[in-house]
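Student: Could you take me on a close look at the surroundings of one side chain in this protein, and then show me what else is worth a glance? I'd enjoy a connected walk-through.

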Amino acid sequence: MVDPANTVGIPVNPTPLLKDELDIVIPTIRNLDFLEMWRPFLQPYHLIIVQDGDPTKKIHVPEGYDYELYNRNDINRILGPKASCISFKDSACRCFGYMVSKKKYIFTIDDDCFVAKDPSGKAVNALEQHIKNLLCPSTPLFFNTLYDPYREGADFVRGYPFSLREGVSTAVSHGLWLNIPDYDAPTQLVKPKERNTRYVDAVMTIPKGTLFPMCGMNLAFDRDLIGPAMYFGLMGDGQPIGRYDDMWAGWCIKVICDHLGLGVKTGLPYIYHSKASNPFVNLKKEYKGIFWQEDIIPFFQNVKLSKEATTVQQCYIELSKMVKEKLSSLDPYFDKLADAMVTWIEAWDELNPPATTA
């Protein structure tokens, strides 16, 4: 059995890393009392809260936090007709926060994620570890058996090519969870009492050409490097599928990172996932995705982007065309999703026009 950390008495960090270069994005339908536990680590940063569900509901944010809050009315006002690309009644709405941010880095966390403890009992500053992951290179072209060679106490092992030791820029840092694992509904149903108590002190680069199931509840990324591809798709209200929002984004960003020569890391940091969602509700959301993923994953494994696609936006538009061409036969939903991917890029570019040179 593992418990969350007790952060009472831990002072707020007086010298937070990247304080003016990072936004924290939180999707929610409830009061954000969980931020009290995170105060020592997160209070210095700016929050972007994306309120899902009823826009008339008042969301309480603990005193002392600097934040902006957007509900569905705000999304409709800001994006107009393009607001159709932002999911409703689903945590996929968080990607609106990515779009309106003006910072270089994003950390996103769910409101049922608490501060974890490492094996020594020390509270884990998840954001600090994500920043460390993003600021040092990745090694997607050759696997290092001591995992991240840039961490203190590690290095490149014998036989690692010197020509590859410079690594590549890290675009994404994918963290993990203690207590409630991120399982799909069938696994939840057969293992209702299973809890993750293993704290593995490791960070590794996901190799080029390898996909992974990205979880959005403990995630950070370099918005300048990969932001336009971090779209969590059409999920939730009015859609035939849910709980595949972060995985869809993960498959998209991974093939684009591989194409553009960027890295994705997974492992540390851990958060404490406090609440198991209802497996029967989850199954209703997931069941089509469980079947569809057997076709979706081979599709992404075979994606080949053109040499002309040299920006994230160009890659994403090419990918949307492939989705329409290859996956629409699976279900008409994918035709709609491909159109939403294009709308997302159009909305992103309107809110984030490229810098002009004098």
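Tutor: Happy to! Here, two residues are in contact when they have heavy atoms within 4.5 Å of each other. Please keep in mind that this is a predicted model.

Let's start with lysine 265, which belongs to strand β9, spanning residues 263-273. Leaving aside residues up to four places away in sequence, lysine 265 touches Asn133, Cys136, Pro137, Ser138, Asp148, Thr170, Val172, Ser173, His174, Val203, Met204 and Thr205. Is lysine 265 buried or exposed? Its relative accessibility is 1%, and because buried means under 20%, lysine 265 counts as buried. Two backbone oxygens are within reach of its side chain. For proline 137, the backbone oxygen is 2.8 Å from a polar atom of the lysine 265 side chain. For asparagine 133, the side chain of lysine 265 reaches the backbone oxygen at 3.4 Å. Both asparagine 133 and proline 137 also appear among the contacts of lysine 265.

Staying in strand β9, we meet proline 269. The peptide bond that leads into proline 269 from leucine 268 is cis, with omega near 10°. As background, most peptide bonds are trans, and most residues other than glycine have a negative phi.

That second point brings us to two backbone positions. Lysine 89 is not a glycine, yet has a positive phi of about 60°. You will find lysine 89 in the loop between α2 (72-79) and α3 (95-100), where it counts as exposed at 52% relative accessibility. Arginine 243, also a residue other than glycine, has a positive phi near 65°. This arginine 243 lies in the loop between α6 (223-226) and α7 and counts as partly exposed, with 22% relative accessibility.

Helix α7 makes a good bridge to the aromatic residues. The structure holds 19 aromatic pairs. One of them joins tryptophan 248 and phenylalanine 334, a tilted pair with 6.4 Å from centre to centre and 40° between the planes. Tryptophan 248 sits in helix α7 (residues 245-260) and phenylalanine 334 in helix α10 (residues 333-351), so this pair ties together parts that are 86 residues apart in sequence. Tryptophan 248 is buried at 3% relative accessible area, and phenylalanine 334 counts as buried at 2% relative accessibility.

Another tilted pair is formed by tryptophan 251 and phenylalanine 300, with ring centres 5.9 Å apart and planes at 40°. Because tryptophan 251 lies in helix α7 and phenylalanine 300 in helix α8 (residues 279-301), the pair ties together parts that are 49 residues apart in sequence. Tryptophan 251 and phenylalanine 300 are both buried. These four residues belong to one aromatic cluster made up of Tyr244, Trp248, Trp251, Trp292, Phe299, Phe300, Tyr333 and Phe334.

A ring can also have a charge above it. The charged end of arginine 165 sits over the ring of phenylalanine 162, at 3.7 Å from the ring centre.

Let's finish with a position flagged in a record. The unreviewed UniProt entry carries the annotation "glycosylation site" covering Arg158. Where is arginine 158 found? It is in the loop between α4 (126-135) and β6 (170-179). Arginine 158 is exposed, with a relative accessible area of 84%, whereas lysine 265, where we began, counts as buried.

Terms used: Residues numbered from 1 in each chain as written. Predicted model: local features only at pLDDT ≥ 70, side-chain atom pairs only at ≥ 80, totals over all residues. Heavy atoms only, no water. UniProt positions renumbered as here; feature names shortened; annotations may be inferred. Helix = DSSP H or I, 4+ residues; strand = E, 2+ residues; numbered from the N terminus. Buried < 20%, exposed > 50% of the residue type's maximum accessible area, 1.4 Å probe, protein only. Polar contact = N/O pair within 3.5 Å; in protein donor to acceptor, adjacent residues only side chain to side chain. Phe/Tyr/Trp six-rings, centres within 6.5 Å; stacked < 30°, edge-to-face > 60°. Lys NZ or Arg CZ within 6 Å of the ring centre and 35° of its normal.
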